[in-house]
There are 2 protein chains.
Amino acid sequence: MISDNKNKLSDRKKLILKAIVDAHIANGDPVGSKLLTRNELISCSSATIRNEMAELESMGYLEQPHTSAGRIPSEAGYRFYVDWLLDRYNLTRAEIDELKNSLQKKQSELDSILQSALAVAAKLTNYTAISVRPKIEKITVSRYELMRLDDYSSMLIMLVGGVVKTKYLRSNTVISSEATHALAMILNMYAVGLTASDFTMPLIMEMEQHMGNYDFLVSPVVKAICMTLSEFDGGDLKIEGVNKLLSYPEFYNLERLREMLMLFEKKDDLLEIFSGKPTEPEKVQVYIGKENLVKVMDNSTLIFKAITNDGKTVGAIGVIGPTRMDYKRVIATIDNVANGVSAALESNNSKKDI
Amino acid sequence: MISDNKNKLSDRKKLILKAIVDAHIANGDPVGSKLLTRNELISCSSATIRNEMAELESMGYLEQPHTSAGRIPSEAGYRFYVDWLLDRYNLTRAEIDELKNSLQKKQSELDSILQSALAVAAKLTNYTAISVRPKIEKITVSRYELMRLDDYSSMLIMLVGGVVKTKYLRSNTVISSEATHALAMILNMYAVGLTASDFTMPLIMEMEQHMGNYDFLVSPVVKAICMTLSEFDGGDLKIEGVNKLLSYPEFYNLERLREMLMLFEKKDDLLEIFSGKPTEPEKVQVYIGKENLVKVMDNSTLIFKAITNDGKTVGAIGVIGPTRMDYKRVIATIDNVANGVSAALESNNSKKDI
DNA sequence: CATTAGCACTCTTGTTGTTCAAGTGCTAAA
DNA sequence: TTTAGCACTTGAACAACAAGAGTGCTAATG
C-alpha cells in the first residue's frame, strides 16, 4: 500500500531525511550530523541524529561514501523524497514570461539553414562549430498590432523586416480593451520606422501625453519593442558540438573547459570576433592563439569563413578548437560548408524571383 | 615582403618544422628529436635535428614546455605552417554528400518549437535538456520527382507526409536524362504509398526489370528512399545545454562526463528511454538512478513529460542531471514547458482550421 | 527509556620526498 | 658540417605521513 510506504518513517526520521536531501541538493557534499543540528526544525543533539541516521541507513534511505564522511541519500532516499517529502514549487513570473516568449519565437530561413550547417560542420571537422548572424543596422518595425489576451496580459505583434515578431506582455493592473486600442494606435502613429535608438525620452513623453490615464503603459511597451529590435538585429550566435572539445587533451582539463564554456555562454566576445574583423569574405580566415585578442582563446584556434548572399556578407560559420588543429582538413571543410550555405541562400533567392 | 618570409627558413628547416607540426597535430605530445629520425623525408641524425630545432626555437617557431620535453610549435610556428607548409585537402565524396544532404533538410513546425522549448528548459532549470519526437509508423512517399543536376548527380525529391524531402544522389557513371525520366516513372508506378519495410527484394527485382539497361540504378535509389523514410519517422532527438553538466561536481570528472556525452552522441538509448516507457502523459515522470536501466545513467536522474497534440502523444521533453537534482524546481519547470509546447501546437491546429 | 556528552577509530585529502624515464645541450671526433 | 656520447634537467608517478572530519560506541543523565 502506498500509504503504508508513506508512514514507514517516523516524523522525525522524515524531517531528518528531508533535511539531508535538501542540504545535499544544495551543496553536493555529504552531510554530517553536526550540520543538521543547525537546522531549526530539528531540535536534538548530534548524537541523536547520528542514531537516527544509522537507522535510516539500515533501512536503505541513506548511504555513506566512506566511514568518515557524512551521509548522502541513496536512490531509495531520493525516491521517498520525491514521492512524499517534496514541497510544491511555482515558477516565478519572470520565468513564466521567458517561457511564453521563447515559445513564440520563429526561426528565420537563414537560421534554419545555419542550424543544419553547424551540425554537419561539427560532425565533419570534429570540432565545436559556431555561426553568427551579424548585426543588421536600421532594423525597424513597420506595423504594430496589440492583441488583448485577458485583463492582465496582451500580445504585442510587430511586423519587422517582413517577419512577424511577437512579444508577450503582462501588467499588474487591469488594462481595458480601450487602452489596448489606444496604445496600438499611438504606436502606429509614432513608432513606425524607428530604430531602437530613435526612441528618445521626448518622444516617449509625447506618446505618454497622448495616452492620458494610460501613460504608464508606454514605457514598458517601448522597452519590449526595443528588446525585440535588439534581439532581432543583435547578431545571433549558435554553437554546436561543445562535447567535441572533450576529444582533445588540450581541453581535458576542467579549468580550461569551463573557461571555454563561459565564453560560449556569454557570446558577446565571440560575436565581436566573428563580426568585427575586416575579413576578405572569399577566403577562410585562420586566427591562431593570441591573434584572437580574447584571453580565453590564447591557446585556441578559430577558423571561419563569411557567408554571402547576393554579394553581401550575411553571417559567418566556423569552428573553434585547440591550436593543435587539423588545419588542412578543417580549412577545406569550412570552405565547403560556408560555400554550401551561401549557395543554398542564393537558390532560395532565385526561387523567390520566380 | 611575403616571399621574404617564406624563404626565411632553409628547406631542411621547413621540412623539420612541418614534420614537427604534423606529428604534434596527430598525437598532441611534444615531439623529440628521436621521433623525427623515423620520418623518411628527413635523413640526418637526431643530433643534427636537435641543432636545427634549437635554431628554430631561437627564431621563435618552436618552444619547449620544459627542458626535458620535446618541442611543440609556437603560435608563429603554426602561422608559418598554415601560411606556407600546408598541403591541400579535398573533401571525400562521402563528406561532400553528407554536406549537401544536410543543407537540404527542412525543420518541421514541431521541430522548431521544440528547439526553442529546449533552449528555455535548459536555461530555466540549468540542466541539460532533451526532447524527442517518437517514431511515426506508416510514413510513406506519395510522389517522386527526379531532378537531373549533371551527368553524375541528381536530386531525388519526395513528397512525404505533406512535406517535401530531398536527397542528393551521385553515381560513378554517366546517367542520361532518359534514364532519369524512366526511373522517376517507375518510382511513381511502384513505390508510392510504401513504408520502408514494404520494399521487398521481389519488388526491387521487378522494378529493375522495367529499367532495362539502367537496372543498376534501382537499388541505390531505393536505399536512399528508405534512408529518408527512416530518418523522417525515426524519432528525432535534440539536446541542448550539454555544458550545464559542468556546473555540477558530479560531472566534474572527465570520465563520467565523457560517458554522458557518448550517451548523447549515440542517441539510441535515450530515444528508447523516452519513447518506450508506458507513461501517464499528463504527469511529469521522474526516473532516479538505476531505475533508468542504462548503465551510464546509474547516477543520474531523468525528468520528463510527454507533449500532446490533439490528445495524442507526439513527443517528450525533459532534462537529465545528477541524482542530486533540484527536484521541485525542475519538476515544476518541465511541467510548464511541456504544457507550453502542447498549447503552442494546439493553437497552431486551430489556426489551420480557420 | 530516550537522549546526550565524550572519546577512540577510520578514512580521505594534501604534502613531501624520492625515483625513473625522456630529452636536451654540449663537447669532441669523423 | 655532421655525428656519437655523456652529463644534466625536469616532470610524472609513487610511497610515506600528518591533519581534519565524522562516525560508532559507551557511559552518564533527565
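Here is a short chat about how some features of this predicted model get their names.

User: Before we start, what should I know about the model and its labels?

Analyst: It's a predicted model, where local features need pLDDT of at least 70 and side-chain atom pairs count only at pLDDT 80 or more, while totals for chains, interfaces and linings use all residues. Residues are numbered from 1 along each chain as its sequence is written, chains are lettered from A and ligands numbered from 1 in the order in which they are written, and side-chain values use heavy atoms, with hydrogens and water left out.

User: What makes a residue count as near DNA strand D, and which come nearest?

Analyst: A residue is near a strand if one of its heavy atoms lies within 4 Å of it. Around DNA strand D there are 20 residues, and Ser33(A), Ser68(A), Arg71(A), Thr48(B) and Thr67(B) come nearest. Of the strand D atoms within 4 Å of the protein, 77% belong to sugar or phosphate and the rest to bases.

User: Why is the approach of Ser33(A) to DNA strand D called a polar contact?

Analyst: A polar contact is a pair of N or O atoms within 3.5 Å (within protein, one must be able to donate a hydrogen and the other to accept it, and residues adjacent in sequence count only if both atoms are side-chain atoms). An N or O atom in the Ser33(A) side chain sits 2.8 Å from a phosphate oxygen of strand D, so the pair qualifies. Arg71(A) has a side-chain N or O atom 3.0 Å from a phosphate oxygen of that strand. As for elements, helix 4 (46–58) of chain A and helix 4 (46–58) of chain B give two or more residues to the surface near strand D. Helices here are DSSP runs (H or I, at least four residues), strands likewise (E, at least two), numbered from the N terminus.

User: What about DNA strand C: which atom does Arg50(A) approach?

Analyst: A polar side-chain atom of Arg50(A) lies 3.2 Å from a base oxygen of strand C. With Arg12(A), a side-chain N or O atom is 2.9 Å from a phosphate oxygen of strand C. Helix 4 of chain A gives the most to the surface near strand C, with four residues.

User: How are the residues of that surface near DNA strand C divided?

Analyst: Into four nonpolar, 12 polar and four charged. Ala, Val, Leu, Ile, Met, Phe, Trp, Tyr, Cys and Pro count as nonpolar, Asp, Glu, Lys and Arg as charged, and the others, Gly among them, as polar.

User: Why is the pair of Tyr287(A) and Phe304(A) called stacked?

Analyst: Rings of Phe, Tyr and Trp (its six-membered ring) pair if their centres lie within 6.5 Å; planes under 30 degrees apart count as stacked, over 60 as edge-to-face and the rest as tilted. The search of the whole structure finds 10 aromatic pairs over all chains. In this one the centres are 6.0 Å apart with 20° between the planes, so it's a stacked pair. Tyr287(A) lies in strand 8 of chain A and Phe304(A) in strand 9 (residues 300–309) of chain A, so the pair ties together parts 17 residues apart in sequence.

User: Are Tyr287(A) and Phe304(A) buried or exposed?

Analyst: Both are buried, a label for under 20% relative accessible area (exposed is over 50%, partly exposed in between, with a 1.4 Å probe and protein chains only).

User: Which residues form an aromatic cluster?

Analyst: Tyr78(A), Tyr81(A) and Tyr327(B) form one.
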